[in-house]
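Here is a set of questions on how the terms used for this structure follow from its computed values. Please read each answer against the sequence and the coordinates.

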Amino acid sequence: MKAINLFKFLLCTNCVKIETGGGVEVIAINRNFPGPLINVTTNNHVIVNVYNELDEGLLMTWSGVEMRRNSWQDGVLGTNCPIPPKWNWTYRFQVKDQIGSFFYFPSLSFQRASGGFGPFVINNRELIPIPFAQPDGDIFIMIGDWYTQNHTALRATLDSGKDLGIPDGVLINGKGPYQYNTTLVPSGINYETITVDPGKTYRIRVHNVGISTSLNFRVQNHNLLLVETEGHYTTQTNFTNFDIHAGQSYSFLLSTDQNASTDYYIVASARFVNESLWQKVTGVAILHYSNSKGSATGPLPPPPDDFYDKTFSMNQARSVRQNTSASGARPNPQGSFRYGSINITDTYVLKVTSLVPINGTNRATINGISFLKPDVPFRLADQHQLRGIYKLDFPSKPMNRTPIIDRSIINATYKGFIEIILQNNDTTIQNFHLDGYSFFVVGMDYGDWSENSRGSYNKWDAISRCATQVFPGGWTAILISLDNVGSWNLRAENLDRWYLGQETYLRIVNPEENGETEMGAPDNVLFCGPLKSLQKWNPGSSAASPLGHSLNHFTLLLGLFTLFFLILAG
């Protein structure tokens, strides 16, 4: 019997407001900010019906969910036409051979800066044990930098060639900071409180859903035992604080073994910045023991003292290793795939720099190419034999030429095993994500990568994940086994850089395709651009009152989440 999980999303901007001095509208889902949890199990089929109540096109993407054989559901411009305003569209996909902690968010037009994000969990099947005792509960924490301007104002700033500047704060689960300091934090702000029982162990899943700021996460007087990141179990290591970069997700075990005389601070503070200028860019929530006798008081637990040690954060990242003996989605151990002994078929050195002027505007580039947003999804264009939609000439190394705006993508080889070097010649951390895949993070260092750098690669227990950081003036090397056919977005997770063109796609086609390695376009495929005349039906025609619709016509329904509540934060 096929297990199906059904979810219903209504996205709007006028149903939830955060009070941060003035009112700030956010993108909410079912009047929820952040959005509701999607909680499924390996190999489940997932149906998400999305109603777009925004005044612009919308796509939802599922960061880290690999969409095996089915890039049609990935939710970015290279795979899907936007859902027009007041329309609805239904995503249907299987969470095939995956476990772990992920999140979803709107992928278009800088919309994630206004919200629309939420947690996405894929649980192990019962027959496959997790590599630690079953926790007493799951806690979901979404952290991220935040501006009081909405996404339309922020992208207007970028369009004008200006920098976004220092964020106005950091939100934790959509709420502002606890008043730990009367000078820095005004009174009356609605802050997040997480209640726990003493003597228990909780799994805390933390996601940095912000625009670009790297955040240091810590819980006062508590250790964080790292156990998983983005779908793969890690060697279990205790940390007192941990750097989480934009677009990354981690799971920790937290034991409530401290004295309950007071509550404890949960902190997410900006990293690699001038702290005197950025001290307000700090999120503070409260860990409340159910038998606590008082409020949290005193100074916040300190961030890493590494102003003169630029290797601290990199060494922490290098210490994240794969638990090779644990089973993931399948019974076989995670370490059974001997990636270190596979011959590399192609190498791509992808260099990013500071913004460059192109045609009178500031743009972000990879190898001197700033990506031109597609008018029509690439595989849909292929299916309809459209020509000139994209070019398969993305350079495999930096080119000594004038930067250009173009729609050039990587022509990757099905079943190849490729090496990608992410070279960051900018002065800020750049984070990268690849849809459709997990990759092995085999090396990172400062300086320019060379072939001799391969001698430092971790060929045994490198963590496999979907998002990685590249430190300023440094490089990160990743290895990818290309077994998932489709068009897959490789992008900056710094939203400003992504918006300004720091992305491309990997086009992976099986030349002997017979329907087994790639699904066809779904029956409800949307058409746009040169194919818009084929759009004969209006999926929004039945969405006049989406929250009141009967769902009895869906069969094999295991779960439906339509949660309603209003969050007001100060």
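Q: How do you know that β34 and β35 are paired, and in which sense do they run?
A: Two strands pair if DSSP finds at least two bridges between them; six bridges join β34 to β35, so the criterion is met, and the two strands run antiparallel. Within this pairing, Arg-491 has Glu-503 in β35 as its bridge partner. Helices (H or I, at least four residues) and strands (E, at least two) are DSSP runs, numbered from the N terminus. The model is predicted: local features need pLDDT of at least 70 and side-chain atom pairs count only at pLDDT 80 or more, whereas totals for chains, interfaces and linings use all residues. Residues are numbered from 1 along each chain as its sequence is written, and side-chain values use heavy atoms, with hydrogens and water left out.

Q: What makes β27 and β32 edge strands?
A: Each of them, β27 (410–413) and β32 (467–470), pairs on one side only. The open sheet has five strands in the order β27-β35-β34-β29-β32, with mixed pairing, and its twist averages 25° from one strand to the next (axes are lines fitted to C-alpha atoms, and angles run from 0 to 180 degrees between N-to-C directions). β27 and β35 run parallel and are joined by four bridges, with Ile-410 opposite Leu-506 in β35. Strand β29 (residues 430–434) pairs with β34 in the antiparallel sense over three bridges, and there Phe-432 has Ala-492 as its partner in β34.

Q: Why is strand β34 called largely enclosed?
A: Buried means under 20% relative accessible area, exposed over 50%, and partly exposed in between, with a 1.4 Å probe and protein chains only. Seven of the seven residues of β34 (residues 486–492) are buried, so the strand is largely enclosed by the rest of the structure. Gly-486, Trp-488, Leu-490 and Ala-492 point one way and Ser-487, Asn-489 and Arg-491 the other way, and all are buried.

Q: How do you know that Cys-81 and Cys-528 form a disulfide, and why is it called left-handed?
A: A disulfide is a pair of cysteine sulfur atoms within 2.5 Å, and the S to S distance between Cys-81 and Cys-528 is 2.1 Å. The torsion about the S-S bond is about -75°, so this disulfide is left-handed. Cys-81 lies in the loop between β7 (60–63) and β8 (88–94) and Cys-528 in the segment after β35 (503–509), so the pair ties together parts that are 447 residues apart in sequence. Both cysteines are buried, and the structure holds one disulfide.

Q: Why does His-232 count as buried, and what is Asp-197 called?
A: His-232, which lies in strand β17 (residues 232–239), has 17% relative accessibility and therefore counts as buried. Asp-197 has a relative accessible area of 36% and is therefore partly exposed; Asp-197 is found in the loop between β13 (193–196) and β14 (201–208).

Q: What makes the approach of Ser-464 to His-232 a polar contact?
A: A polar contact is a pair of N or O atoms within 3.5 Å; within protein, one must be able to donate a hydrogen and the other to accept it, and residues adjacent in sequence count only if both atoms are side-chain atoms. The backbone oxygen of Ser-464 lies 2.9 Å from a polar atom of the His-232 side chain.
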